[in-house]
Amino acid sequence: MTEIDAKIDALVPAWLTLPDIAEQLGVEVTRVRQLVKDGQLIAVRRGENRALHVPAAFIDGDKVVKGLSGTLTLLRDDGFTDEEMLEWLFTPDPSLPGTPAQALS
């Protein structure tokens, strides 16, 4: 979990708090924290109270976006930091119709 900088914060169109995600997924907040700890989600501290937030694009209804966990694993294995992963996922790519995050969903 990391502090978010203004550049990354501006790239991500919407954020969800961990309790919001827990409600959407129908699980306890501790399960969402475990998903973050296991690297299946990226959470950053942002806002006035520095609460943990996850990009809303990572959640599809009542589940984590299919393929996200594997993508994050590949990026981590390639040496990407959380900030670099967020930047890559939310920066438009000319070879895709939009951003990599949009392509996943």
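In this predicted model, the side chains of Glu87 and Lys7 meet in a salt bridge, with a distance of 2.8 Å from N to O. The pair links distant parts of the chain, since Glu87 belongs to helix H5 whereas Lys7 belongs to helix H1 (residues 6-11), and 80 residues separate the two. Glu87 itself is partly exposed, with a relative accessible area of 30%. As a general point, side chains of opposite charge can pair when their charged atoms come close.

A search of the whole structure finds four salt bridges, and the table sets out three pairs, including the one just described.

| Pair | N to O distance | Relative accessible area |
|---|---|---|
| Glu87 and Lys7 | 2.8 Å | Glu87, 30% |
| Asp60 and Lys63 | 3.4 Å | Asp60, 39%; Lys63, 42% |
| Arg76 and Asp82 | 3.5 Å | Arg76, 32%; Asp82, 18% |

In the pair of Asp60 and Lys63, Asp60 counts as partly exposed, and Lys63 is partly exposed as well. In the pair of Arg76 and Asp82, Arg76 is partly exposed, whereas Asp82 is buried.

Asp82 leads on to the helix that also carries Glu87. The buried residues of helix H5, which spans residues 82-90, are Asp82, Met85, Leu86, Leu89 and Phe90. These buried residues cover an arc of only 110° around the axis, and they therefore lie on the same side of H5. The background to such a pattern is that an α-helix has 3.6 residues a turn, so residues three or four places apart point the same way.

The strands offer a second region to follow, with S4 as a convenient starting point. Strand S4 covers residues 51-55, and it is mostly covered, in that four of its five residues are buried. Strand S2 (residues 15-17) pairs with S4 in the antiparallel sense over three bridges, and within this part of the structure Trp15 stands opposite Pro55 in S4. S3 is likewise joined to S4 by three bridges, and these two strands also run antiparallel; here Val44 stands opposite His53 in S4.

S3 and S4 form a hairpin with four residues between them, and Gly47, which lies in the turn, has a positive phi of about 85°. Arg50 is found in the loop between S3 and S4, and it has a positive phi of about 60° although it is not a glycine. Its relative accessible area of 33% makes Arg50 partly exposed.

A second arginine, Arg46, lies within strand S3 itself, which runs over residues 44-46. Is Arg46 buried or exposed? Its relative accessibility is 18%, and because the cut-off for a buried residue is under 20%, Arg46 counts as buried. The side chain of Arg46 makes a polar contact with the side chain of Asp9, at 2.9 Å. When neighbours within four places in sequence are left aside, Arg46 is in contact with Ile4, Asp9, Trp15, Ala51 and His53. Two of these names have already appeared in the description of the strands: Trp15 stands opposite Pro55, and His53 is the residue of S4 that Val44 stands opposite.

Key: Residues numbered from 1 in each chain as written. Predicted model: local features only at pLDDT ≥ 70, side-chain atom pairs only at ≥ 80, totals over all residues. Heavy atoms only, no water. Buried < 20%, exposed > 50% of the residue type's maximum accessible area, 1.4 Å probe, protein only. Arc of directions from axis to C-beta. Polar contact = N/O pair within 3.5 Å; in protein donor to acceptor, adjacent residues only side chain to side chain. Contact = heavy atoms within 4.5 Å. Pairing = 2+ DSSP bridges.
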